[in-house]
Each structure stands twice: as structure tokens, then as C-alpha cells.
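Please look over the sequence and the three-dimensional structure shown here before reading on. The paragraphs that follow go through the chain step by step.

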Amino acid sequence: MALVSSSDITSSIIAETVFGVTPTATATRYELPLGADAALLTAAATTIASPTKRPNRASNGSRRGMVNLEGSLDIRFQNHAFMDVLLQSALSNTFATKVLKAGTVDSSFSVIHKLANDMYKTYAGNMVTGFSISTTGNDEVKSSWNLIGASVTDGATDNALAVTAITGATEFLASEVQSITVAGQTLSVAELTFETTLDRTRRPVLGSNTGLQFGVNGTRETTVTVRAYRESFAINSAITGLAQAVSFDIGTTGAGYRFQLPAAYGDMPVDSISDGSAFVTITFKAGYDATSGTDLVITKL
């Protein structure tokens, strides 16, 4: 039996039409470009211990309960169709032409890790509980996606769907973060962090160890933090504490995305000094905007 090398493991992603059911036809299976040493998704199970006393002070052991699947996918943020699957799950909606508004229409997907030609791990019923995008000047644009899932299956044969390979995708660099607008001002930004989270909760059910489609607890929390070079005090007076639009573009027309917080509430700007420069850091939290009907919009450029 040959040992598995991490460099030989490949991954793919398939949008599900039925929660927890991995499609084998009439769907597109995309290559999932994880890092060479990226961790695989993990699955555990609830341990239900027996209270029963056995002879000689022994216990009666335990049994395995509901499967708990979780993990994160660390991916260089890029322009490709597989990103739609992740973005739509994260924002609980679907793209209407090129516009994705955060909503309440949940979607799930399957992830398949191929360890060898006779070793496949299929994780089904995955949803995004949150993701982040971050970059600093002269660096890559990183993204990390936290998942919750319903089941895992180990198999010796591959899914019937062929993998659609990534070709011509743009792995974004910091130089491709083209525009950042904060309260109507364009800043010289040294660092940018975007994060959105949604608390998805498990729904155990009698008669099954996989549970039902996940529930949602609380509200979506979205923040944007910018660390810009201090050029004047104009940004201080511009941040009023009231709702203001914040947006940034990654990529260009036909190969990029625009992230918009239509109503963002900014904290007090914070000054700092490092590496020979003065900086101002501002953190914004997204709120509901009646005109947009949401708190977060992602648009394909």
C-alpha cells in the first residue's frame, strides 16, 4: 500500500441542489485550488457515554452520535466560477446576473478530497459560516472560508462528474485592489481586512446521525478594517458615526469583484506609527440599508 503525499492530494467542489446530497450528474464539479500543505476538512462525532455500571467497576463504554463536520479552506482570492459556490453559501443568496445581495436563501455544497486513485473523502452538506479577505501592500490577497458540514463518506471510487480545471483564473495581488472608498474619500491604504460571519447551528433529529439542514442564530456580522497612510485629518471629520457607504474593488472589469457595505458605521479613527510612516486605522461595521434591502452586496465587475 502506497503512502499518501500531501502534494498529490487534489480537491474539488460541487454545488448541491438537495442539502447533504452530492450530485453525480447535471452539475459542475470545479477544481478547488487549496495550498500545497492546506489542511483537509475534518469530521468528528458526538460521543455519548453510557452511565451503566459493569462488573469490576468497569464502564459500559460509549456510542457514536451525530457527525460533526467542520474546517476551513484557505484559498488565494481569485476570479473563477468556483468562487460563486462559496460566496452564495456565505451570503445566503444567489447571483442575479452579476449582483449578489446578502439574504436568506441558503445553499450547500460538497467537497471531495482525492488522496489517491482509490481513496476519496466526500464531505456533503457544507455551508459557509464566515469568510475573510485580507491583504497588505506588495502581497497576495488571502481568503479563508470557515465551514460547517453534515456528513463524510470514505470511498474507493471517484464521483461520476469530471473535474472542471481552473484555467486563466486571476490569483489577485494587493496591486489589484484597485479602489477603496471610505465615506466618499479615496485613501492610500496599506492594509485591508474584510470579514463576515453567520452563526449556523446544527439540528439533531431522531432517526438520523446527520441532522437536518442547519439553522441560523443571530445576525450577520460584517466588518471592514482599513489601515491607511495618514495624509490629513479629512478622514477624521468624514467619519461621523452615522451610516456611510464603504466599498472596495479587487480586479478589473470582467475579472474582479466589488464589495459594498451600503450602510457602514465607522469607529473612531486610531493613529499609529511604524516603519517610518504615520497611519490611521478605521473599522466599519455593516448595518441594514433600506434602499439596498441588505447590509452587504458583492458585484462582479
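In what follows, a residue is called buried when its relative accessible area is under 20%, exposed when that value is over 50%, and partly exposed in between. The model is a predicted one, and the words above are applied to it throughout.

It helps to begin with the chain as a whole. The protein chain has 2 helices and 23 strands, and its C-alpha atoms fill a box of roughly 75 × 45 × 40 Å when the box is taken along the principal axes. Of the 301 residues of the protein chain, 41% count as buried. The accessible surface comes to about 15300 Å², and 50% of that surface belongs to carbon and sulfur atoms. If one takes the contacts between residues at least 6 apart in sequence, 68% of them join residues at least 24 apart. As for charge, the protein chain carries 21 positive and 26 negative side chains, and the centres of these two sets lie 11 Å apart.

A place to start among the strands is β1, which covers residues 10-15 and is joined by 6 bridges to strand β9, residues 109-116, the two running antiparallel. Within this pairing, Thr10 stands opposite Lys114 in β9. Strand β1 is also joined to strand β2, residues 29-31, through 3 bridges, and here again the strands run antiparallel. In this second pairing Ser12 stands opposite Glu31 in β2, so that a reader who follows β1 meets β9 as one partner and β2 as another, by the rule that two strands pair if DSSP finds at least two bridges between them.

Further along the chain comes strand β20, residues 255-266, which is mostly covered, since 9 of its 12 residues are buried. Which strands pair with β20? One of them is strand β19, residues 244-252, which pairs with β20 in the antiparallel sense over 8 bridges, and in this pairing the bridge partner of Val246 is Leu261 in β20. Strands β19 and β20 form a hairpin with 2 residues between them, and Gly254, which lies in the turn, has a positive phi of about 85°. Another partner is strand β23, residues 297-300, which pairs with β20 in the antiparallel sense over 4 bridges; there, Arg258 stands opposite Thr299 in β23. Strand β22, residues 277-286, is joined to β20 by 3 bridges and also runs antiparallel to it, with Phe284 in β22 as the bridge partner of Gly266.

From the strand pairings one can turn to the charged side chains, among which the count comes to 13 salt bridges. One of these brings together the side chains of Arg29 and Asp158, with a distance of 3.0 Å from N to O. This pair links distant parts of the chain, for Arg29 is in strand β2 whereas Asp158 is in the loop between β12 (151-155) and β13 (163-164), 129 residues apart. Are the two partners buried or exposed, or something in between? Arg29 is buried, because its relative accessible area is 3%, while Asp158 is partly exposed, because its value is 36%.

A second salt bridge is formed by Asp84 with Lys300, whose closest N and O atoms are 2.7 Å apart. Here too distant parts of the chain are linked, with Asp84 in helix α1, residues 82-91, and Lys300 in strand β23, 216 residues apart. Asp84 counts as buried because its relative accessibility is 16%, whereas Lys300, with a relative accessible area of 24%, is partly exposed.

A third example is the salt bridge in which the side chains of Asp154 and Lys121 meet, at 2.8 Å from N to O. Asp154 is in strand β12 and Lys121 in strand β10, residues 119-136, so the pair links distant parts of the chain, 33 residues apart. Asp154 counts as exposed because its relative accessibility is 58%, and Lys121 is partly exposed because its relative accessible area is 22%. Elsewhere, salt bridges that share partners join Arg76, Asp139, Glu140, Lys142 and Glu171 into one network.

Definitions and conventions. Residues numbered from 1 in each chain as written. Predicted model: local features only at pLDDT ≥ 70, side-chain atom pairs only at ≥ 80, totals over all residues. Heavy atoms only, no water. Buried < 20%, exposed > 50% of the residue type's maximum accessible area, 1.4 Å probe, protein only. Salt bridge = Lys/Arg side-chain N within 4 Å of Asp/Glu carboxyl O. Contact = heavy atoms within 4.5 Å. Areas by Shrake-Rupley, 256 points an atom, 1.4 Å probe, with all protein chains shown as cover. Lys, Arg positive; Asp, Glu negative; His and termini not counted. Charge placed at Lys NZ, Arg CZ, Asp CG, Glu CD.
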